[in-house]
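Me: Please take a close look at one helix in this structure and at what packs against it. I am in my first year, so keep the wording plain.

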Amino acid sequence: MTDDIKTDDVNGSSEIPPEQMSLRSKFRFKCHKGVKCFTKCCRGIDIMLTPYDILTMRKKLEMSSEKFLAVFTDPQILEKADMPVVTLKLLDDELNSCPFVEDEDGCVIYEDRPTTCRYYPIGVGSLSYSGEQGEKDEFFFTVKESHCEGFEEDEEWTVAEWREDQGVDLRDEVNDGWLDLMVRKKSLPPSMQLSEQAKQMFFMVCYNIDKFKTFVFESSFLTRYQIPEDKIAEIRADDVKLLQFGFEWLKATFFQTGQEKFVPHKESEKS
Ligand code: SF4
Ligand code: SF4
């Protein structure tokens, strides 16, 4: 995730100015049950959920995406892009705990924890983003919070090793389509803003995958475009593919990019 789509408060407040790091940069860190601060970082935090996070968390919890959104998220507007995002809804307890943290055991959804939790204590920023070429000018930094004792431990990582260990590569690959939409939206001149209806469509595709699935397969959607049969079978069987298909559709609809993948049926009849 990059700071293009993370507000400072969502990202967790860094109390020391971040030093820019590359994938090869090294840092010392280890988090385990023996640290005195165990689970402190899972309270009083703002965590923005990515589309991929919602896909996996709702599956783990055996909930529909609609119910997951209602129970576990708060809707927000990402100011920089003026686009809807969702954050994890914290408990109304003294420490504003994450609903998934337990004092003794830590994270009860550890295998499916959100991307932000995986990256921690690494933050990601971007100097620029070239969505067309799929190139990102990323940099990394450590988020050092005073309560976190993980930096006192002696295990050493490069940023690349940490990313691999935390399993963020696939997540980033999928979420890149979402990031691309945010960056494109942010770059629009004030005279070309998206309508409220368009933003609602964005919300459905990115965060409410079950509703988007119903929209694709139980409305006139598939009669409007020439979508190859194998593509239809693929997105019917695989929610990650459906999500990526949704990103492509939004990109073509909102930003007129990649429209060749969504040729209207009537155009084909003319040719
Ligand atoms: S504050 Fe740091 S060391 Fe402590 S539990 Fe959280 S990540 Fe681990
Ligand atoms: S999802 Fe898990 S790792 Fe993330 S804040 Fe909640 S308990 Fe902690």
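Reply: The helix to look at is α11, and the place to start is its surroundings. The cover over the buried residues of α11 includes α2 (51–60), α6 (169–187), α7 (196–207), α8 and α10 (229–237). Keep in mind that this is a predicted model.

Which residues of α11 are buried? They are L242, L243, Q244, F245, G246, F247, W249, L250 and K251. The helix itself has 17 residues. From its first C-alpha to its last, α11 reaches 23 Å, close to the 24 Å expected at 1.5 Å a residue. Just after α11 comes Q256, where phi is positive, at about 50 degrees.

Now take one neighbour, α8. Two packed helices are described by the angle between their axes and the distance between the axes. For α8 (residues 209–217) and α11 (residues 239–255), the angle is about 75 degrees and the axes are 11 Å apart. Angles of 65 to 115 degrees count as roughly perpendicular, and α8 and α11 are therefore roughly perpendicular to each other. On the α8 side, the contact is made by I209, F212 and K213. On the α11 side, D239, L242, L243 and G246 take part. Sorted by class, the contact of α8 with α11 has 4 nonpolar, 1 polar and 2 charged residues. L242, L243 and G246 thus appear in two lists: they touch α8, and they are buried in α11.

To place the helix in context, here is the protein as a whole. Its secondary structure comes to 12 helices and 9 strands. Of the 271 residues in the protein, 32% are buried. Among contacts between residues at least 6 apart in sequence, 72% join residues at least 24 apart. One pair of residues far along the chain from each other is F139 and M21: they are 118 residues apart, and their C-alpha atoms are separated by 5.8 Å. F139 lies in strand β8 (residues 135–142). With 20 other C-beta atoms within 10 Å, F139 is buried, since 20 or more is the cut-off.

The model also holds ligands. Around ligand 1 are twelve-odd positions best read by class: the shell divides into 7 nonpolar, 3 polar and 2 charged residues. Among them are C31, C37, C41, H147 and C148. The shell around ligand 2 divides into 8 nonpolar, no polar and 1 charged; its residues include C42, C98, C107, R113 and C117.

Key: Residues are numbered from 1 along each chain as its sequence is written. Chains are lettered from A and ligands numbered from 1 in the order in which they are written. This is a predicted model: local features need pLDDT of at least 70, side-chain atom pairs count only at pLDDT 80 or more; totals for chains, interfaces and linings use all residues. A residue is near a molecule or strand if its C-beta atom, placed from the backbone, lies within 6 Å of it. Ala, Val, Leu, Ile, Met, Phe, Trp, Tyr, Cys and Pro count as nonpolar, Asp, Glu, Lys and Arg as charged, and the others, Gly among them, as polar. Axes are lines fitted to C-alpha atoms, for helices over the stretch in contact, and angles run from 0 to 180 degrees between N-to-C directions. Helices (H or I, at least four residues) and strands (E, at least two) are DSSP runs, numbered from the N terminus. Angles under 35 degrees count as roughly parallel, over 145 as roughly antiparallel, 65 to 115 as roughly perpendicular and the rest as oblique. Two residues are in contact if their C-beta atoms, placed from the backbone, lie within 7 Å. The expected span of a helix is 1.5 Å times one less than its number of residues. A residue is buried if 20 or more other C-beta atoms lie within 10 Å of its own, exposed if 12 or fewer, and partly exposed in between; C-beta atoms are placed from the backbone.
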